[in-house]
Every structure is written in C-alpha cells, then in structure tokens.
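I opened this entry to look up what surrounds each bound ligand, and I took the sites one after the other.

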Amino acid sequence: MSDNKKPNTNKPKFNAYWIYGIVIAIFIGMQLFGGGSSFNEAKPITENQFLDYLRSGDVKTVEIIRNTHIAEVFLTQEALNKEVHKGARKTSIIPSSTETANYKFEFGDQQNFEDLLNLTIKENSLTTEKKFETENNLWGEFLLSLLPFVLIIGVWIYIMRRMSSGGGGGPGGQIFNIGKSKAKLFDENTEVKTTFKDVAGLEGAKEEVQEIVDFLKNPEKYTSLGGKIPKGALLVGSPGTGKTLLAKAVAGEAKVPFFSLSGSDFVEMFVGVGASRVRDLFKQAKEKSPSIIFIDEIDAIGRARGKNAMSGSNDERENTLNQLLTEMDGFGTNTNVIVLAATNRADILDKALMRAGRFDRQIFVDLPDVRERKEIFEVHLRPLKKADGLDIDFLAKQTPGFSGADIANVCNEAALIAARNGKKEVDKQDFLDAVDRIVGGLEKKNKIITPSEKRAVAFHEAGHATVSWMLEHAAPLVKVTIVPRGQSLGAAWYLPEERLIVRPEQMLDEMCAALGGRAAEKVIFDKISTGALSDLEKVTKQARAMVTVYGLSDKIGNLTYYDSSGQSEYGFTKPYSEETAILIDKEISAIIEKQYQRAIKLLEANKDKLTELAEVLLDKEVIFKDNLEKIFGKRPFEKEEPISTVK
Ligand code: ADP
Ligand code: ZN
C-alpha cells in the first residue's frame, strides 16, 4: 500500500485558537485590574515625611519589606480625608485581599529604622501596626500567578497541534477527530495501481464489476438513455479471496479516487460517532466524485437489526446503519459515487441493505479452484526468482482450500525459506515447506516429547492414515508427520476432493478416518488420550450438521433447522422442542459411535499393517503416499485428480 493522505481540512484550528486568545486576554486583564499595584503605584515619599505622618497619627499600618528596604504606608480613614494626603494614592475601590498602600518610601539600615519606628510609636503612644514582609517582587509574583494558565494553554495548544496534524497520533490525537471518517484515500496523487491484471481467476466477478468500471469512466453513456446506475454492490466471500483487491482494481481501471475503510472503523464507544463518520465519508466522496467507497467487513455495522435485542448496545450500530442507508438513498444517480462493500456473511446482513437502490447486486467471490489457484500462483510468482521447470500445476494441486491471500503468503514464505537456506532461487521443496508451515504452523523440532508420547502420536497418526487408506470416500492422503508443529504433535495431510455436493457416505467415511487416530490408540494400547480433541471437535460438528442442517438423519427426517436469513426470532432459544433436542443429541452420538466402532474394526483387522506403518513413522518422522503404498499395496479406489469444471 502506498502512502495515503488524510483528507482533513484545518478549519477547526482557527476557531479554537481564537478562543484561547480571548481566554488569555481575560486572564491578563484580571491580573491588571485586580492586583493593580504594579501599574498604579503607591506615591513615593521620604523617610522624614513618613515620620511626620506617623507622629500625626495618620498611619494605620506600616509594612516593612525586608529584602528590598522599602516600606509601604497605609493611612487611616480620617487621614485620607486630610488636605496633606490629597496626592497619596487612593485606596482601591475593588475589594481585594491585599490592601493597597498609599505611600511607600525607602529606608536605610533596617535595624536603625526599626528602632526609630518603635521609639516614635512608644513616645507618641500610637496604635500604628507594624508588619514585616520579605519577598515582594510584584512583577515576579504576577508572572507566577499566570503560570497555571500558561501551562493549561500550553497543553491545549499541544493537543490542537497533534489533532490537526492528523495522520500520526496515539489515541490522544484522535479525540477531536472522532466524528471524521477514518477512510484511507487513494486518489490522483496516490494513484491506485491495481488493475484487473493483478486479480487472477474470479472471472465471473470481474465481469460483473466491469459494468461499474464502464459507468465510472463514462457515466453519460448510461444516464443519457435514462438508465439507473447501481449505487452499490456487495462482494461476498471468505476472507482473503480478493474482495479488497477486486474493489481496488475497479478504482484502478476506472482511474477514480478510492476511499477504503472497514465497517468496524465506524463504531466507537461514543454515541453518535458512527453516524457522523458515515456523513463525513459520503461528503468527502461526493466532493471527489466520480469515486468509489469501499467498506470492508460491512457486517460490523450491517448486521440485521433487532437481533440480540437483549444486549441493548446495538443502538449505536443501528444509528450508523440507518445513516448509511439514508446516504445511499440520498444521492441521486448523478452523484457518481459507487459503494462497494465486502462481507463473508451475507446471510446475517440486514435485509434493508439489499433493497433496490442500495446493495442490490451481490457478487460472489469464491475460494479458487485448481485452475484459479494456478493463475493466482502465476501472479504471485512473477516477482520471485524461481527454479527452472517449477511445476505450477503441482503447486495448485497441493493447495486445496487455500485462498488467494494464502497463496500470496505461500509464495512469500517460500522465498524467505529459500533465502534462509542460502539458495539462489526458490525451488519446489521451498514451496512445499511453505505450504506445510502455513497449514500447520512452525515445526518445533526441539519440543520435548517423551518416547512413549511419541509412540502414541505415531500410532494415532498411523491410525488416521490406515483408516483413510481403506475407505473409498475418505480423502487420499498426502503425507503423515509426527514432527510437532504449532499446537499439534502430529498431523496427517489429505488432498480433499473439491466437491460441490457431499453425499452422506462421504461424510461418514471422513468421520471414520477422523476417529481413526483415537481408535488406533484404543486398539494398540487399550487406552485413549486427550490428543484427539480436534478430531472429536471436527466429527461432532459434522455429525450435528448432518442431523440438523442437511436433513441426513432418518430419525429427524428431511428438515433443517438452519436459517439462511440469519434473522430468526428465536434468538437464544432453539427452534425445536425439548423432545426433538433429546432426539438430536441421541442421533449425533449414535452416528459418531457407529463410525468409531467401524474404525476400531478396520484397525483390528489390519493391526499388523498399522503397526508397521507406525514403526516406519517413528523411524522417519515424515512419510508420504509411496510409503503407504509399500505397506498396503496400491489403493484400489484411487481415481484421477479431480477435474475442475471449466467455466
Ligand atoms: P479479502 O478482502 O477478500 O479478505 P484481499 O483482497 O485483502 O482479501 O486479499 C489479500 C491478498 O491476497 C491480496 O492483496 C492479494 O495479494 C492476494 N489475493 C487474493 N485473491 C487474489 C486473486 N484472485 N488474485 C491475486 N491475488 C489475490
Ligand atoms: Zn488426530
């Protein structure tokens, strides 16, 4: 992804700075008129003048400031009315904590002055009060009193800077931007370079979006005939299948700006944020039209309304969704903004999103089949230095169920592995290692396993391998390993057929093979272990699906409890009675038990071969199809590789 820019203006900055200016002015003003002393100074007099006033009984208080040799004089109320004191500073009318002095004068030696003062007071039996102060640097005091405000203003300015500089920013910087959309913009400056050439396979989807490209390039052609232009299209498919890539390619082909963001970006903990972000996003997109808005993971906001009513936290999401619908309805056909959204769960989306004039087109982006995988490999192999004669067909066959993103990942990983091994080019083995790594995680050669644990793992995996070898409909095995990898201690790898329709006997055979690991432990050691957790999970899910989803159980019959709309009113309650629930549970455990017994029978009949296989496995750690053929002979029902359908 190349650099992107934040399309924020810096308008709010000015308003805010004005306010701070005014605030500062007010504070300074208050200091001037409230304290006042430093600008409207007390009238200076001489020490002798002071003594005269003192003797006349005009002085109420004298304040001696030690470190500056200055004394401040406060007159009595009567004295202030006397003719002599006309020139003295008037006492401030604003009530203030510190009284304003009327005169001030400088004295010489402090001790002498104090002695003289005491004597005069005593001789004349005056009631004059003496006060002693030390520091009274008025200007310094003034600055000091401003300090807190200076600090506060400094902090404000810092935050404002962070905020208006956009892009960067930890959480603090975002606070004031919260109502702005977080969309990434790719426009003329940061042009989208992705084109349909970068999107392999996905022929059908490309064809469907081609129309959108044409429209964006040439809107008049469509509107002049009175045709209505689609406002939105929904790309539906598993993660990593290239939905974002396709949307970007549309923008790249049409050469229009592309706003990209994720549904979850709208939702924050603050109320009203989502809706205002939607507004902001559409405003920006309209300014740049023709343009494309791409909302990834739209299910984060587009989930059906009214579900999970119990949690109560959905209001915010609903507001966001409503705003999105309003915006989409709001712009006319001449706005030239097209909204593409991606999800992997079209079934849970609110039906209102799919209504005409909104996301009325759905484009399915499936996991690639063998042929498409080959094309995707070709795209991602382009930048690699690969070994001569690298068999791309073989790679495509080895990666069933891989998404485009997985394949991109394999290619990158293979290059890294080759580099790590100091190779000059990436060869077949690097790709196979990369596939293994992506499927199973990193090999953990130094994970500590006791010999007896290792034996158990070997028999467990050999059990899977043996059972699947013997069953017609189980997927053919590719390799078995007992090298710990990721979370698992061992693994058996199959090449599943890519079927569109699965028949019950195929499901049952697969369940039997999945239970083969545990069955082998039982047959050989007469013990079972916790090592079969993921097998059991898989089998249980499959059995449940057979009974409650696909209607493959005699006892329950030809019905399904699956709700494709995802909008059942049942919520947490089950759509069947208690009796049916019991029946379902019984049926599930009966199916699993039957397959388990079948696996045990098979392994008991082939105990010698199972043991032989486990020993080879213990010896070699990794075995392939050939090793199995040596022990079991050629697999009777081995077919040709599945032929992919030609579109
Ligand atoms: P999605 O949005 O469906 O989750 P992406 O479009 O983000 O998936 O795909 C992730 C990456 O996988 C892409 O950047 C690209 O490298 C690769 N990829 C996925 N599908 C394809 C494809 N059909 N052709 C080429 N590359 C693909
Ligand atoms: Zn297992």
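Before reading any distances I fixed the term: a polar contact is a pair of N or O atoms within 3.5 Å. I also noted that this is a predicted model.

**Entry 1, ligand 1**

I looked first for polar contacts and found an oxygen atom of ligand 1 at 2.7 Å from a polar backbone atom of Gly240. An oxygen atom of the ligand also lies 3.1 Å from a backbone N or O atom of Gly242, while a nitrogen atom of ligand 1 is 2.8 Å from a side-chain N or O atom of His380. I then looked up the areas: ligand 1 taken alone exposes 560 Å², of which the protein buries 79%.

Next I listed the shell, which holds 17 residues, with Ala200, Gly240, Lys243, Thr244 and His380 as the closest. By class I read 8 nonpolar, 7 polar and 2 charged residues. Helices H9 (243-254), H13 (370-381) and H15 (404-420) are the elements that each give two or more residues to this shell. Because domain 2 (184-365) and domain 3 (370-439) both contribute residues to the shell, ligand 1 lies between them.

**Entry 2, the zinc ion (ligand 2)**

Which protein atoms are the donors of the zinc ion? I found His460 (NE2), His464 (NE2) and two OD entries for Asp535, lying 2.0 to 2.8 Å from the ion. Along the chain these donors follow the spacing H-x3-H-x70-D. His464 lies in helix H17 (residues 451-470) and Asp535 in helix H19 (residues 533-549), so this pair ties together parts 71 residues apart in sequence.

Finally I checked the geometry, where the angles among the 4 donor atoms run from 51 to 144° and the site is irregular.

Terms used:
Residues are numbered from 1 along each chain as its sequence is written. Chains are lettered from A and ligands numbered from 1 in the order in which they are written. This is a predicted model: local features need pLDDT of at least 70, side-chain atom pairs count only at pLDDT 80 or more; totals for chains, interfaces and linings use all residues. Side-chain values use heavy atoms; hydrogens and water are left out. A residue is near a molecule or strand if one of its heavy atoms lies within 4 Å of it. A polar contact is a pair of N or O atoms within 3.5 Å; within protein, one must be able to donate a hydrogen and the other to accept it, and residues adjacent in sequence count only if both atoms are side-chain atoms. Accessible areas come from the Shrake-Rupley method with a 1.4 Å probe; for residues, only the protein chains shown count as cover. Helices (H or I, at least four residues) and strands (E, at least two) are DSSP runs, numbered from the N terminus. Ala, Val, Leu, Ile, Met, Phe, Trp, Tyr, Cys and Pro count as nonpolar, Asp, Glu, Lys and Arg as charged, and the others, Gly among them, as polar. Domain bounds come from an automatic or database domain assignment. Donors are N, O and S atoms within 2.8 Å of the metal (3.2 Å for Na, K and Ca); water is not among the atoms, so sites may look incomplete. Four donors count as tetrahedral if all angles lie between 85 and 135 degrees; four count as square planar and six as octahedral if opposite donors are over 155 degrees apart and all others between 65 and 115; anything else is irregular.
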